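Here is a short briefing on one protein model. Please look through the sequence and the structure before reading the points below.

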Amino acid sequence: LWSTAPTFNTSSNLSLKLLDSGNLILSAPNGLVLWQSFDSPTDTWLPGMNLTRLNSLLSWRTETDPSPGLYSLRLKPPFYGEFELVFNDTVPYWSTGNWTNGSFLNIPEMSIPYLYNFHFLSPFSPAAAFGFSERAESEAGNRPPTMFRVEPFGQIQQYTWNSQAGSWNMFWSKPEPLCLVRGLCGRFGVCIGETSKPCECISGFQPVDGDGWGSGDYSRGCYRGDSGCDGSDGFRDLGNVRFGFGNVSLIKGKSRSFCERECLGDCGCVGLSFDEGSGVCKNFYGSLSDFQNLTGGG
(Lines give C-alpha, C1' and ligand atoms only; values in the text may rest on other atoms or scores of the structure.)
Protein backbone atom coordinates (compact mmCIF):
# COMPACT_ATOMS: atom_id res chain seq x y z
CA LEU A 1 0.00 0.00 0.00
CA TRP A 2 2.88 2.37 0.72
CA SER A 3 6.67 2.41 0.68
CA THR A 4 9.37 4.99 1.19
CA ALA A 5 10.62 7.01 -1.77
CA PRO A 6 13.51 5.40 -3.72
CA THR A 7 15.98 8.03 -2.48
CA PHE A 8 15.60 6.69 1.05
CA ASN A 9 16.67 3.19 0.00
CA THR A 10 20.23 4.32 -0.73
CA SER A 11 20.92 4.36 2.99
CA SER A 12 20.95 1.31 5.24
CA ASN A 13 19.96 1.01 8.87
CA LEU A 14 17.17 3.54 8.64
CA SER A 15 14.99 3.87 11.73
CA LEU A 16 11.31 4.69 12.02
CA LYS A 17 10.01 6.09 15.29
CA LEU A 18 6.60 7.27 16.42
CA LEU A 19 7.09 10.11 18.91
CA ASP A 20 4.80 10.91 21.84
CA SER A 21 3.81 14.06 19.93
CA GLY A 22 2.25 11.91 17.19
CA ASN A 23 5.02 12.70 14.70
CA LEU A 24 6.29 9.70 12.71
CA ILE A 25 9.99 10.20 11.89
CA LEU A 26 12.21 8.34 9.41
CA SER A 27 15.87 8.87 10.35
CA ALA A 28 19.33 8.02 9.00
CA PRO A 29 21.97 6.43 11.29
CA ASN A 30 23.49 9.89 11.94
CA GLY A 31 20.14 11.16 13.26
CA LEU A 32 19.26 13.15 10.14
CA VAL A 33 15.47 13.27 9.68
CA LEU A 34 14.73 12.12 6.13
CA TRP A 35 10.96 12.39 6.39
CA GLN A 36 8.37 13.22 9.06
CA SER A 37 4.60 13.00 9.08
CA PHE A 38 4.26 16.53 10.52
CA ASP A 39 5.39 17.82 7.10
CA SER A 40 2.65 15.82 5.34
CA PRO A 41 -0.55 16.40 7.33
CA THR A 42 -3.86 14.79 6.44
CA ASP A 43 -7.07 15.93 8.15
CA THR A 44 -5.63 16.34 11.68
CA TRP A 45 -3.56 19.14 13.21
CA LEU A 46 -1.57 18.33 16.35
CA PRO A 47 0.49 20.52 18.72
CA GLY A 48 3.96 21.08 17.29
CA MET A 49 2.80 20.72 13.66
CA ASN A 50 3.19 23.85 11.51
CA LEU A 51 0.94 24.63 8.56
CA THR A 52 2.52 26.51 5.65
CA ARG A 53 1.57 27.47 2.11
CA LEU A 54 2.93 24.06 1.06
CA ASN A 55 1.00 21.82 3.46
CA SER A 56 -2.71 22.14 4.19
CA LEU A 57 -5.27 20.02 6.00
CA LEU A 58 -7.54 17.90 3.78
CA SER A 59 -10.67 16.18 5.02
CA TRP A 60 -11.60 12.53 4.66
CA ARG A 61 -14.26 11.75 2.06
CA THR A 62 -16.64 10.44 4.75
CA GLU A 63 -16.39 9.49 8.41
CA THR A 64 -15.32 5.96 7.40
CA ASP A 65 -13.56 6.66 4.07
CA PRO A 66 -10.06 8.17 4.45
CA SER A 67 -9.60 8.91 0.75
CA PRO A 68 -9.15 12.64 -0.08
CA GLY A 69 -12.28 14.65 0.66
CA LEU A 70 -13.72 17.92 -0.62
CA TYR A 71 -12.71 20.32 2.16
CA SER A 72 -9.36 21.83 3.07
CA LEU A 73 -7.88 24.38 5.47
CA ARG A 74 -5.07 26.45 4.03
CA LEU A 75 -3.15 29.68 4.47
CA LYS A 76 -4.95 32.10 2.17
CA PRO A 77 -2.91 33.14 -0.87
CA PRO A 78 -1.36 35.39 -1.98
CA PHE A 79 -0.62 37.14 1.35
CA TYR A 80 -0.68 34.16 3.80
CA GLY A 81 -1.88 36.19 6.77
CA GLU A 82 -5.05 34.21 7.49
CA PHE A 83 -6.56 30.74 7.11
CA GLU A 84 -9.54 29.81 4.96
CA LEU A 85 -11.73 26.76 4.56
CA VAL A 86 -12.16 25.83 0.90
CA PHE A 87 -14.63 23.59 -0.94
CA ASN A 88 -13.27 21.52 -3.83
CA ASP A 89 -10.01 23.49 -3.76
CA THR A 90 -11.76 26.44 -5.45
CA VAL A 91 -14.57 27.94 -3.32
CA PRO A 92 -13.63 29.64 -0.01
CA TYR A 93 -16.52 29.79 2.47
CA TRP A 94 -15.00 30.75 5.85
CA SER A 95 -11.94 32.70 6.96
CA THR A 96 -10.18 33.35 10.26
CA GLY A 97 -9.59 36.97 9.28
CA ASN A 98 -6.14 38.52 9.31
CA TRP A 99 -3.58 37.87 12.05
CA THR A 100 -3.60 40.97 14.26
CA ASN A 101 -2.01 41.48 17.68
CA GLY A 102 -1.58 37.80 18.42
CA SER A 103 -4.93 36.46 17.20
CA PHE A 104 -7.13 36.17 14.11
CA LEU A 105 -9.82 38.83 13.72
CA ASN A 106 -12.70 36.36 13.35
CA ILE A 107 -11.58 34.22 16.32
CA PRO A 108 -11.53 36.61 19.29
CA GLU A 109 -11.49 33.68 21.73
CA MET A 110 -7.86 33.10 20.76
CA SER A 111 -6.89 36.07 22.92
CA ILE A 112 -8.14 34.34 26.08
CA PRO A 113 -5.32 32.39 27.83
CA TYR A 114 -6.54 28.82 28.05
CA LEU A 115 -4.83 25.71 26.72
CA TYR A 116 -2.57 26.87 23.92
CA ASN A 117 0.23 29.11 22.76
CA PHE A 118 -0.04 30.09 19.11
CA HIS A 119 2.99 30.79 16.93
CA PHE A 120 2.92 32.59 13.58
CA LEU A 121 6.33 32.85 11.93
CA SER A 122 6.77 35.29 9.02
CA PRO A 123 3.04 36.11 8.58
CA PHE A 124 2.01 37.85 5.34
CA SER A 125 4.87 36.26 3.41
CA PRO A 126 5.46 33.06 1.39
CA ALA A 127 7.54 31.77 4.34
CA ALA A 128 4.56 31.95 6.73
CA ALA A 129 4.26 29.04 9.17
CA PHE A 130 1.57 28.75 11.84
CA GLY A 131 1.42 26.27 14.70
CA PHE A 132 0.34 25.85 18.30
CA SER A 133 1.58 24.21 21.47
CA GLU A 134 -0.07 23.25 24.71
CA ARG A 135 0.58 25.47 27.68
CA ALA A 136 2.66 24.18 30.59
CA GLU A 137 0.97 21.87 33.05
CA SER A 138 -1.15 23.71 35.58
CA GLU A 139 -1.58 23.03 39.26
CA ALA A 140 -4.93 21.45 38.50
CA GLY A 141 -3.31 18.48 36.77
CA ASN A 142 -2.02 17.28 33.43
CA ARG A 143 -3.11 19.00 30.25
CA PRO A 144 -5.38 16.83 28.07
CA PRO A 145 -4.30 15.74 24.58
CA THR A 146 -5.83 18.00 21.94
CA MET A 147 -6.23 18.30 18.18
CA PHE A 148 -7.96 20.21 15.38
CA ARG A 149 -9.56 18.28 12.51
CA VAL A 150 -11.18 19.23 9.18
CA GLU A 151 -14.31 17.10 9.08
CA PRO A 152 -15.81 15.39 6.00
CA PHE A 153 -18.81 17.73 6.31
CA GLY A 154 -16.62 20.84 5.97
CA GLN A 155 -16.25 22.21 9.49
CA ILE A 156 -12.99 22.54 11.37
CA GLN A 157 -13.46 21.23 14.90
CA GLN A 158 -11.32 21.30 18.02
CA TYR A 159 -11.15 18.38 20.44
CA THR A 160 -9.69 17.49 23.81
CA TRP A 161 -9.35 13.95 25.12
CA ASN A 162 -11.65 12.91 27.98
CA SER A 163 -9.76 10.18 29.77
CA GLN A 164 -12.70 9.25 31.98
CA ALA A 165 -15.08 8.73 29.06
CA GLY A 166 -12.32 7.37 26.81
CA SER A 167 -13.37 9.61 23.92
CA TRP A 168 -12.68 12.94 22.22
CA ASN A 169 -14.74 15.92 23.35
CA MET A 170 -15.49 18.51 20.63
CA PHE A 171 -15.80 22.01 22.10
CA TRP A 172 -15.23 24.43 19.17
CA SER A 173 -16.16 24.40 15.48
CA LYS A 174 -16.33 26.77 12.51
CA PRO A 175 -18.25 27.82 10.54
CA GLU A 176 -21.41 27.99 12.60
CA PRO A 177 -24.06 27.08 11.68
CA LEU A 178 -23.13 23.96 9.72
CA CYS A 179 -25.26 25.01 6.74
CA LEU A 180 -22.78 27.78 5.90
CA VAL A 181 -20.48 25.06 4.49
CA ARG A 182 -20.45 25.28 0.70
CA GLY A 183 -21.32 22.30 -1.49
CA LEU A 184 -22.31 20.15 1.48
CA CYS A 185 -25.63 18.88 0.10
CA GLY A 186 -24.92 19.11 -3.61
CA ARG A 187 -27.39 20.05 -6.33
CA PHE A 188 -31.00 20.34 -5.16
CA GLY A 189 -30.08 19.18 -1.68
CA VAL A 190 -31.31 21.05 1.40
CA CYS A 191 -29.15 21.52 4.48
CA ILE A 192 -31.13 20.91 7.67
CA GLY A 193 -28.17 21.42 9.97
CA GLU A 194 -28.02 18.13 11.84
CA THR A 195 -24.46 16.79 12.08
CA SER A 196 -25.59 13.15 12.02
CA LYS A 197 -27.56 13.68 8.79
CA PRO A 198 -27.24 17.26 7.54
CA CYS A 199 -28.92 16.93 4.14
CA GLU A 200 -32.18 15.94 2.52
CA CYS A 201 -33.46 16.20 -1.04
CA ILE A 202 -36.00 18.77 -2.16
CA SER A 203 -39.44 17.20 -2.30
CA GLY A 204 -39.84 15.33 -5.59
CA PHE A 205 -36.08 14.74 -5.94
CA GLN A 206 -33.93 11.78 -4.94
CA PRO A 207 -30.20 11.22 -4.28
CA VAL A 208 -27.94 10.83 -7.30
CA ASP A 209 -25.66 8.51 -5.31
CA GLY A 210 -27.79 6.47 -2.93
CA ASP A 211 -24.84 4.56 -1.47
CA GLY A 212 -22.85 7.75 -0.92
CA TRP A 213 -25.88 9.47 0.59
CA GLY A 214 -26.22 6.62 3.05
CA SER A 215 -22.54 6.79 4.07
CA GLY A 216 -22.46 10.56 4.59
CA ASP A 217 -21.25 11.81 1.19
CA TYR A 218 -23.96 14.17 -0.06
CA SER A 219 -21.81 16.04 -2.57
CA ARG A 220 -23.44 14.63 -5.73
CA GLY A 221 -26.78 15.98 -4.61
CA CYS A 222 -30.23 15.09 -5.91
CA TYR A 223 -32.07 14.79 -9.21
CA ARG A 224 -35.66 14.84 -10.41
CA GLY A 225 -37.10 11.41 -11.04
CA ASP A 226 -38.85 12.51 -14.24
CA SER A 227 -37.77 14.82 -17.02
CA GLY A 228 -40.56 17.35 -16.47
CA CYS A 229 -41.57 19.99 -18.98
CA ASP A 230 -44.48 17.87 -20.22
CA GLY A 231 -47.27 20.31 -19.41
CA SER A 232 -47.97 18.84 -15.97
CA ASP A 233 -45.40 20.91 -14.04
CA GLY A 234 -46.38 23.12 -11.14
CA PHE A 235 -44.68 24.73 -8.17
CA ARG A 236 -44.11 23.68 -4.58
CA ASP A 237 -43.34 26.31 -1.95
CA LEU A 238 -40.04 25.69 -0.16
CA GLY A 239 -40.73 28.46 2.33
CA ASN A 240 -37.99 30.74 3.59
CA VAL A 241 -34.76 29.41 2.07
CA ARG A 242 -31.52 30.64 0.59
CA PHE A 243 -29.06 28.94 -1.73
CA GLY A 244 -25.75 29.39 -3.48
CA PHE A 245 -24.89 28.36 -7.02
CA GLY A 246 -27.29 28.94 -9.91
CA ASN A 247 -28.13 31.24 -12.82
CA VAL A 248 -30.74 33.94 -12.22
CA SER A 249 -32.99 35.90 -14.55
CA LEU A 250 -34.29 39.04 -12.79
CA ILE A 251 -37.70 40.46 -13.78
CA LYS A 252 -38.97 43.65 -12.12
CA GLY A 253 -42.49 44.89 -11.56
CA LYS A 254 -44.27 41.68 -12.45
CA SER A 255 -46.71 39.38 -10.64
CA ARG A 256 -46.02 35.91 -9.31
CA SER A 257 -48.39 34.41 -11.88
CA PHE A 258 -46.38 36.12 -14.63
CA CYS A 259 -43.16 34.62 -13.22
CA GLU A 260 -44.76 31.18 -13.12
CA ARG A 261 -45.91 31.40 -16.74
CA GLU A 262 -42.46 32.52 -17.84
CA CYS A 263 -40.78 29.65 -15.96
CA LEU A 264 -43.22 26.98 -17.13
CA GLY A 265 -42.68 28.10 -20.71
CA ASP A 266 -38.93 27.51 -20.48
CA CYS A 267 -37.69 23.96 -19.89
CA GLY A 268 -34.41 25.33 -18.52
CA CYS A 269 -36.17 27.11 -15.66
CA VAL A 270 -36.12 25.08 -12.43
CA GLY A 271 -37.85 27.44 -10.01
CA LEU A 272 -38.52 31.00 -8.93
CA SER A 273 -38.78 33.39 -6.05
CA PHE A 274 -41.17 36.32 -5.69
CA ASP A 275 -41.06 39.30 -3.32
CA GLU A 276 -44.60 40.57 -2.81
CA GLY A 277 -43.35 43.83 -1.30
CA SER A 278 -41.20 44.93 -4.24
CA GLY A 279 -42.95 42.98 -6.97
CA VAL A 280 -39.60 41.55 -8.07
CA CYS A 281 -39.42 37.95 -9.18
CA LYS A 282 -36.40 35.84 -10.06
CA ASN A 283 -36.46 32.79 -12.30
CA PHE A 284 -33.66 30.28 -11.75
CA TYR A 285 -31.83 28.13 -14.27
CA GLY A 286 -29.40 25.23 -14.09
CA SER A 287 -28.45 23.33 -10.94
CA LEU A 288 -29.08 25.09 -7.65
CA SER A 289 -26.96 24.15 -4.63
CA ASP A 290 -26.56 24.96 -0.95
CA PHE A 291 -30.22 25.26 -0.09
CA GLN A 292 -30.72 26.20 3.54
CA ASN A 293 -33.92 26.48 5.51
CA LEU A 294 -34.11 29.79 7.35
CA THR A 295 -36.11 29.90 10.56
CA GLY A 296 -35.96 33.68 10.98
CA GLY A 297 -37.06 36.50 8.73
CA GLY A 298 -35.27 37.83 5.68
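A nonpolar core is a set of buried Ala, Val, Leu, Ile, Met, Phe, Trp, Tyr and Cys residues joined through side-chain atoms within 4.5 Å. The model described here is predicted. The protein has 2 helices and 25 strands. Of its 298 residues, 36% are buried. Take the contacts between residues at least 6 apart in sequence: 40% of them join residues at least 24 apart.

**Nonpolar core**

- The largest nonpolar core holds 50 residues.
- Trp45, Tyr71, Leu73, Phe83, Phe104, Phe130 and Leu184 have the most contacts inside this core.
- Strand β7, residues 68-75, gives the most to the core, with 4 residues.
- In soluble globular proteins, nonpolar side chains tend to be buried together.
- What does Phe130 touch, once neighbours within four places in sequence are set aside? Its contacts are Trp45, Met49, Asn50, Leu51, Phe83, Trp99, Phe104, Met110, Phe118, His119 and Phe120.
- Trp45, Phe83 and Phe104 are among those contacts of Phe130, and these three are also listed with the most contacts inside the core.

**A sheet of 3 strands**

- An open sheet is formed by 3 strands, in the order β1-β2-β3, with antiparallel pairing.
- Its edge strands are β1 (15-18) and β3 (33-36), each of which pairs on one side only.
- From one strand to the next, the twist averages 20 degrees.
- β1 and β2 (residues 24-27) run antiparallel and are joined by 4 bridges.
- Ser15 has Ser27 of β2 standing opposite.

**Largest pocket**

- The largest pocket contains about 1400 Å³ of space.
- Its lining has 45 residues, and those closest to the pocket centre are Phe235, Arg236, Val270, Gly271 and Leu272.
- At least two lining residues come from each of β20 (222-224), β21 (241-242), α2 (256-264) and β23 (269-275).
- Which element gives the most to the lining of the largest pocket? That is β23, with 6 residues.

**Cavities**

- The whole structure has 2 cavities of 30 Å³ or more.
- The largest cavity encloses about 80 Å³ of space.
- The lining of the largest cavity has 13 residues, and Leu70, Tyr71, Pro152, Asp217 and Tyr218 lie nearest the cavity centre.
- β7 supplies the largest share of this lining, 3 residues.
- β7 thus appears in two places: it gives the most to the largest core, and the largest share of the cavity lining comes from β7.

**A buried glutamate**

- Glu151 sits in the loop between β14 (146-150) and β15 (156-162).
- Is Glu151 buried or exposed? Glu151 counts as buried because its relative accessible area is 2%, and the cut-off for buried is under 20%.
- With neighbours within four places in sequence left aside, Glu151 is in contact with Ser59, Glu63, Tyr71, Gln157 and Tyr159.
- Tyr71 links several of these topics: this residue contacts Glu151, is listed among the core residues with the most contacts, and is one of the residues nearest the centre of the largest cavity.

**Cis peptide bonds**

- The bond from Pro77 to Pro78 is cis, with omega near 5 degrees.
- Pro78 is in the loop between β7 and β8 (83-87).
- Glu176 and Pro177 are also joined by a cis peptide bond, with omega about 0 degrees.
- Pro177 belongs to the loop between β16 (167-174) and β17 (189-191).

**Positive phi outside glycine**

- Asp89 is not a glycine, yet its phi is positive, about 65 degrees.
- The loop between β8 and β9 (91-95) holds Asp89.
- Asp89 counts as exposed because its relative accessibility is 54%, and exposed means over 50%.
- Asn101 is likewise a residue other than glycine with a positive phi, near 55 degrees.
- Asn101 is found in the loop between β10 (99-100) and β11 (103-104).
- With a relative accessible area of 78%, Asn101 is exposed.

Notes:
Residues numbered from 1 in each chain as written. Predicted model: local features only at pLDDT ≥ 70, side-chain atom pairs only at ≥ 80, totals over all residues. Heavy atoms only, no water. Pairing = 2+ DSSP bridges. Axes fitted to C-alpha atoms, helices over the stretch in contact; angles between N-to-C directions. Buried < 20%, exposed > 50% of the residue type's maximum accessible area, 1.4 Å probe, protein only. Contact = heavy atoms within 4.5 Å. 1 Å grid on protein atoms, 1.4 Å probe; cavity = no way out; pocket = protein on both sides within 12 Å on 5 of 7 lines; lining within 4 Å. Points joined across faces, edges and corners; volume = space filled by probe spheres on them.
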